[in-house]
Amino acid sequence: SFVAGVIHPWRVSAFERLLWRACRGYLVASFVEMPEPMEDPATGESITWVIFLISYWGEMIGQKIRKISDCFHCHVYPYPESEASRADTMNGLHSQIQDLSVVLEETEQYLAQVLDKVVLALPTWRVQVQKMKAIYLVLNQCSFDVTEKCLIAEVWCPVRDLTQVQDALRQGSYKSGSSVECFVQRIPTTESPPTLIRTNKFTAGFQNIVDAYGVASYQEVNPAPYAIITFPFIFAIMFGDVGHGLLMFLFALWMVLYENSPSLRQASNEIWLTFFEGRYLILLMGAFSIYTGFIYNECFSKATVIFPSAWSVATMANHSSWRWGSQPPWEPPPRTLPALTPPRSAHSPEYLATHPSLTLDPNVTGVFRGPYPFGIDPIWSLAINHLNFLNSFKMKMSVVLGIVHMGFGVLLGIFNHVHFQQRHRLVLEFLPEMVFLLALFGYLVFLIFYKWVKFSAADSMVAPSILIHFIDMFLFTSNTTNLPLYQGQVPVQTVLVALALASVPVLLLGTPLYLCCRRRTLRAGCPAPVAAEEQEPLLEGQEAGNSVNAIKEDVESGGHSPDAEHLDFAEIFMHQAIHTIEYCLGCVSNTASYLRLWALSLAHAQLSEVLWTMVMRNGFVRLSYVGGVVLVPVFAAFAVLTVAILLVMEGLSAFLHALRLHWVEFQNKFYVGAGYKLCPFAFAPDAWE
């Protein structure tokens, strides 16, 4: 007789040894590995099974073999005795395998068709599931009423949107068939409301810049509308170049024109998405850079002659010592007069031998015919002292623009003081701050413009130094070697410094003393000495008894209500002392900080000039056809370096410096940014498209 089956390959040797010992050799065993591995139905493991066929003599031997096979977890299969029976069994197994293969193939085809249909509907299902989960998450935050039949939700809602909310609730109740209509009721609270600033695709980028510093406190002045103009303008001062600004403008314009393209909106690159979200900011930065580039008269570091130069070299050559050989004692040319490298023709050899550069003298009739119509005269690009001239011009420009920018920030604080009905701060904080700023640094701006207006080319050599005058102003002294700009300058400067010093104790002690006196009068039951801060409704259209905020002082988070935050005089005084020290020292450091406009503008111009001189110029110095061949790779290198260094790296540097000037020098004059955003429940359209 025969016993047939399969066994795990690891158990073959032990199985064979035990069979031989138990059956004393009364059997013939044959072991063959399967040609292909098969899956174990119990564990799912793919195993190359071993097939065995055992022939034996005697029924007792057969029982032993079957028991041993069961102990080794062998899969035993019936083995017919006759050849015909075995052939019939094989045919039946083959037909069964074919039937199962057909069933499996048809099942797989059907599943593939079902999955193809599911793939089309899966995004919609995913959105529906996410929406339902989000809705149930919000519903779980609601609370039941006493009867446990209604849901109560306490939410913040803008006043102008209350009617829309009521209409939506009414329509929802009608469509759901509810017998009880939903309604909205305002409730009083002492919590500070969130801040909602409505933006569009143009203003969102500028608002994100402000929110990165801090979300505006409730009803605080928002710097974002002003940053729409000041931010790209300050950036352009450091990035002024017509060519570079035009490239940036065209890049941003391309993003704006194709802003609805899915390939641009749904890109996975985070850096690209940052550029795309700020496309309108980049557009304005490029446009303002073109404007300042025309002011600087720079296009890829080269000057453009839009209008004819106001300086006449021919007049200077024909009516001066250049031609006739008189030799006055040589002096270095002033930085306000162009000094040109002389051509070797039609000039006195003796004069040229002793003068490596020729200075254009505006005092000679016809040499200087008036100011250039727009921007800087292109003749300065040929002068060897043009860097000294631009240093003086850009340094004074940076100081003037910086003081105007800071003064504008202090002025914006008026709106906070008036809106929050803290009119005492107009006298005790705003007025001393403006006096301190204008008496010192506003006077510096006056000196710059006064010197520009008073001194002409004829007496420019005796023009005094503004820096020395400003230092003498703080030392209460005068310098005999530095002539005064106007009569009575020393007494005026003394009075201005005295006013600035007198404003410091007012700024330091005014608000704490006022708040302490006001608190004492309130405790005594007497009216406040200055206009009382009434408890008026904060939102338009609200009644006082039904206001979202019961008292205005409760919502003045972010430092607008020190008497609500500080409990004793020591804390009030400490807060005001920190503010005074920060403001007074900040006026000095912040004014110096605006000199970064001068430094980065000169750095950008010099990098552009170096890139042109060392790269692009090499393609023009070749002659004949060699120059045309060399110009192709040279221009490619020039274009790559321009984009990589001057547009990307320099642009990022100017952007970060403009960001710092807005956050530290401008916004800290009036902006607290201690609020938090209103994050309403909504399905963002972009997420479900």
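**Exercise 1. Annotated spans**

Task: For residues 278-296 in this predicted model, find how far apart the end C-alpha atoms lie and how much of the span is helix.

Solution. Step 1: the end C-alpha atoms of residues 278-296 are 26 Å apart. Step 2: helix makes up 95% of this span, and strand 0%. Step 3: turn to residues 233-258, where the end C-alpha atoms are separated by 25 Å. That span is 88% helix and 0% strand. Step 4: check the record. An unreviewed UniProt entry annotates both spans as "transmembrane region", along with 399-418, 430-450, 496-515 and 623-649.

**Exercise 2. A residue in helix α17**

Task: State where A502 lies and whether A502 is buried, partly exposed or exposed.

Solution. Step 1: A502 belongs to helix α17, residues 489-523. Step 2: the relative accessibility of A502 is 40%. Partly exposed covers the range between 20% and 50%, so A502 is partly exposed. Step 3: for a spatial reference, take V435, which is 67 residues away from A502 along the chain. The C-alpha atoms of A502 and V435 are 9.3 Å apart.

**Exercise 3. The four-stranded sheet**

Task: Give the strand order of the open sheet and identify its edge strands.

Solution. Step 1: the order is β2-β5-β1-β6, with antiparallel pairing. Step 2: β2 and β6 (75-77) are the edge strands, since each pairs on one side only. Step 3: on average, neighbouring strands of this sheet are turned by 25° against each other, direction ignored.

Task: Describe how β5 pairs with β1 and with β2.

Solution. Step 1: β5 and strand β1 (residues 2-7) are antiparallel and share six bridges. Within this pairing, F2 has S55 of β5 as its bridge partner, and G5 has F52. Step 2: β5 and strand β2 (residues 27-33) are also antiparallel, over seven bridges. Here S30 stands opposite L53 of β5. Step 3: of the seven residues of β5 (residues 50-56), five are buried, so the strand is largely enclosed by the rest of the structure.

**Exercise 4. Helices on the sheet**

Task: Which strands do α1 and α2 meet, and at what angles do these helices run?

Solution. Step 1: helix α1 (residues 12-23) lies across β1, β2 and β5, and runs at about 175° to β2. Step 2: α2 packs on the sheet and touches β1, β2, β5 and β6. The direction of α2 makes about 160° with that of β5.

Task: Is S69 buried or exposed, and what does S69 contact?

Solution. Step 1: S69 is in helix α2, residues 59-71. Step 2: the relative accessible area of S69 is 0%; under 20% counts as buried, so S69 is buried. Step 3: beyond its neighbours within four places in sequence, S69 contacts F15, F52, C74 and V76.

**Exercise 5. Aromatic rings and charges**

Task: Classify the ring pair Y213 and Y671.

Solution. Step 1: two values are needed, because a pair of aromatic rings is described by the distance of the centres and the angle of the planes. Step 2: the centres are 5.9 Å apart, and a pair requires centres within 6.5 Å, so Y213 and Y671 form a pair. Step 3: the planes stand at 35°; under 30 degrees would be stacked and over 60 edge-to-face, so the pair is tilted. Step 4: place the residues. Y213 is in helix α5 (residues 204-213), and Y671 is in the loop between α21 (624-666) and α22 (685-688), 458 residues apart. Step 5: compare their surroundings. Y213 is partly exposed at 31% relative accessibility, whereas Y671 is buried at 4%. Step 6: both rings belong to a cluster linked by ring pairs, which also includes Y226, F408, W663, F666 and F670.

Task: Which rings have the charged end of R279 or K394 over them?

Solution. Step 1: the charged end of R279 sits over the ring of F276, at 4.4 Å from the ring centre. Step 2: the charged end of K394 sits over the ring of Y296, at 4.2 Å from the ring centre.

**Exercise 6. The whole chain**

Task: How many helices and strands does the protein have, and what share of its residues is buried?

Solution. Step 1: the protein has 22 helices and ten strands. Step 2: 38% of its 689 residues count as buried. Step 3: among contacts with a separation of 6 or more, 73% come from residues 24 or more positions apart.

How values were computed
Residues are numbered from 1 along each chain as its sequence is written. This is a predicted model: local features need pLDDT of at least 70, side-chain atom pairs count only at pLDDT 80 or more; totals for chains, interfaces and linings use all residues. Side-chain values use heavy atoms; hydrogens and water are left out. Rings of Phe, Tyr and Trp (its six-membered ring) pair if their centres lie within 6.5 Å; planes under 30 degrees apart count as stacked, over 60 as edge-to-face and the rest as tilted. Helices (H or I, at least four residues) and strands (E, at least two) are DSSP runs, numbered from the N terminus. Buried means under 20% relative accessible area, exposed over 50%, partly exposed in between (1.4 Å probe, protein chains only). A charge sits over a ring if NZ of Lys or CZ of Arg is within 6 Å of the ring centre and within 35 degrees of the ring normal. Contact means heavy atoms within 4.5 Å. Two strands pair if DSSP finds at least two bridges between them. UniProt positions are given in the numbering used here, feature names are shortened, and annotations may be inferred rather than shown by experiment. Axes are lines fitted to C-alpha atoms, for helices over the stretch in contact, and angles run from 0 to 180 degrees between N-to-C directions.
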